[in-house]
Structure formats: C-alpha cells, structure tokens
Amino acid sequence: RASGLDFELHSDGLVVAARTVRGFEEYCELAALLRRLGHPGKVDVLDADALAEVEPALAAGRIAGGLHSRLDAHVRPEQLTAALARAVRAAGGEIRERFRVTSVRRAAGGWLVSGPEELRADSVVVAASLCSAQLLRPFGVRLPLVAGRGYSVAVRLDEPPAHALYLAEAKLALSPFADGVRLAGVLELGVRGVAVPPRTTLSAR
C-alpha cells in the first residue's frame, strides 16, 4: 500500500472462537506461548460475552471464549499478486508466464536462468514454492519445505463476520471481503500432484 499498490486489505485482526472449554483452554495456552516468545502483537484472551462484543457474528451462548489477535491482517491474494505484476511491468520488467525454470546458475556478471530457453539476469529472486529447494540446492542452501494443499470456497453471507474468523474445533477459517466471504479448511501435508481427492468437503458443525 505504501508503494501505491491497489488491493483489498483488512487490518482488523483475527478472532479465534472456541465452542468448548477444552478448545478455549488450548488457545489460552497458545496466547501465553506467544507472549513468552516475544510476539509483537497484542492478543486478547476473551470470555464468550466479550468475544461476541468484538465479533457480532458470534453468539455468546454457543461459544466458550477465544482470542482476538490485533496484529493479524488479510488480503485478497489474487488482487495483491495482480498489483505486484502491474508494478513490475510499469517499472519496465517482463513477466514470462508458463516458463518452467529448471536451473539457476552463475554467469559472467550475472545469472543464467534455464527453462524453455536461457535468460540472462543481473539478479534473481527464487520464489518457486516447493521447487525453490531444488533450485537452491546447488548453492548449498537447504530449505526444509513440505508440500501442502488447502481448499477454499467463496460464498455470500447476509451477515458476514467483521473480522477474519477461525473456528477452533472445526478448523475452518472465514475471511470477509467486500464481495463475499472465503471459507478455507482442510490442509494436506506431503501431497503430490494437483488432483483433488473425491469427497473433499469443508465442514463446520
């Protein structure tokens, strides 16, 4: 934003809501751990009534309590990446799409990036998700990366939450935006391929 990028940003913090006493206690312990580790943001531990005042979408009679992490923010990721792409092009940069990079190596006065063709560059930023580990290994860099896959769906709600909301027991995240709410959940670690397993659903009970 300070650089003039145009994208949707919400800085109202994150509300974590627990329906059970056990779930509430687990997140109280998490808040205490964050404080011990020097977490720079304020995390309020709130009972059911106080949490419902902060987040009107919650019913005090149906929750045990939760947290309000004031430092958290969320963005529309597709808007942010589009804004970054526009900024790169406006500065004279070129974006090669569907260009699968197979290696990065030093060359006289710069770098060679290999793929469908070889490109010369003065400098290289490696941001290739899981493939970053393979690209950086020849330089002695070891990145302990594990593949992860999540699922989300965008919906319209008559009364969307005012904050980003995480339902502790359901492990479901709700991110409100100007034109709807994104529900995300189900995280698979160590996955390979892009096929979605059958009967994959988001559920909040």
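The following conversation goes through the pockets, salt bridges and nonpolar cores of a predicted model.

Student: Let us begin with the pockets. What volume does the largest pocket have?

Tutor: In this predicted model, the largest pocket has a volume of about 980 Å³. Its lining is made up of 23 residues, and R96, F99, V101, V113 and V125 are the closest to its centre.

Student: Which elements give two or more residues to that lining?

Tutor: They are β8, residues 118-121, and α4, residues 132-136. The element that gives the most is β8, with three residues.

Student: And how does the lining of the largest pocket divide by class?

Tutor: There are 14 nonpolar residues, three polar ones and six charged ones.

Student: What about the second largest pocket: what is its volume?

Tutor: The second largest pocket has a volume of about 530 Å³. It is lined by 22 residues, and those nearest its centre are A57, L58, R62, L165 and L167.

Student: Which strands supply at least two residues each there?

Tutor: Strands β2 (14-18), β10 (164-167) and β11 (172-177) each supply at least two residues of the lining of the second largest pocket.

Student: How many polar residues does this second lining have?

Tutor: It has no polar residues; the lining consists of 17 nonpolar and five charged residues.

Student: Changing topic, how many salt bridges are there?

Tutor: The count comes to 12 salt bridges. One of them joins K42 to D44, with the closest N and O atoms 3.8 Å apart.

Student: Are K42 and D44 buried or exposed?

Tutor: K42 counts as exposed because its relative accessible area is 51%, and exposed means over 50%. D44 counts as buried because its relative accessibility is 12%, and buried means under 20%.

Student: Which other residue meets D44 in a salt bridge?

Tutor: The side chain of R70 does, at 2.6 Å from N to O. This pair links distant parts of the chain, 26 residues apart: D44 belongs to strand β3 (residues 43-47), while R70 sits in the loop between β4 (65-69) and β5 (74-75). R70 counts as partly exposed, at 45% relative accessibility.

Student: Which residue does E188 pair with?

Tutor: E188 forms a salt bridge with R149, at 3.0 Å from N to O. E188 lies in strand β12 (residues 180-189) and R149 in strand β9 (residues 148-155), so their pairing ties together parts that are 39 residues apart in sequence.

Student: How accessible are E188 and R149?

Tutor: E188 is partly exposed, with a relative accessible area of 22%. R149 counts as buried, at 15% relative accessibility.

Student: Which residues are joined into one network by salt bridges that share partners?

Tutor: That network consists of E8, R76, E78, D179 and R182.

Student: Now for the interior. What makes up the largest nonpolar core?

Tutor: The largest nonpolar core has 12 residues in all, including V15, A17, L46, L58, L165, L174 and V181. The elements giving two or more residues to this core are β2, α2 (48-54), β11 and β12.

Student: And what lies apart from it?

Tutor: Another core lies apart from it, made up of eight residues, among them A18, F24, V43 and A168.

Student: Where do nonpolar side chains tend to be in general?

Tutor: In soluble globular proteins, they tend to be buried together.

Terms used:
Residues numbered from 1 in each chain as written. Predicted model: local features only at pLDDT ≥ 70, side-chain atom pairs only at ≥ 80, totals over all residues. Heavy atoms only, no water. 1 Å grid on protein atoms, 1.4 Å probe; cavity = no way out; pocket = protein on both sides within 12 Å on 5 of 7 lines; lining within 4 Å. Points joined across faces, edges and corners; volume = space filled by probe spheres on them. Helix = DSSP H or I, 4+ residues; strand = E, 2+ residues; numbered from the N terminus. Nonpolar A, V, L, I, M, F, W, Y, C, P; charged D, E, K, R; others polar. Salt bridge = Lys/Arg side-chain N within 4 Å of Asp/Glu carboxyl O. Buried < 20%, exposed > 50% of the residue type's maximum accessible area, 1.4 Å probe, protein only. Core = buried A, V, L, I, M, F, W, Y, C linked by side-chain atoms within 4.5 Å.
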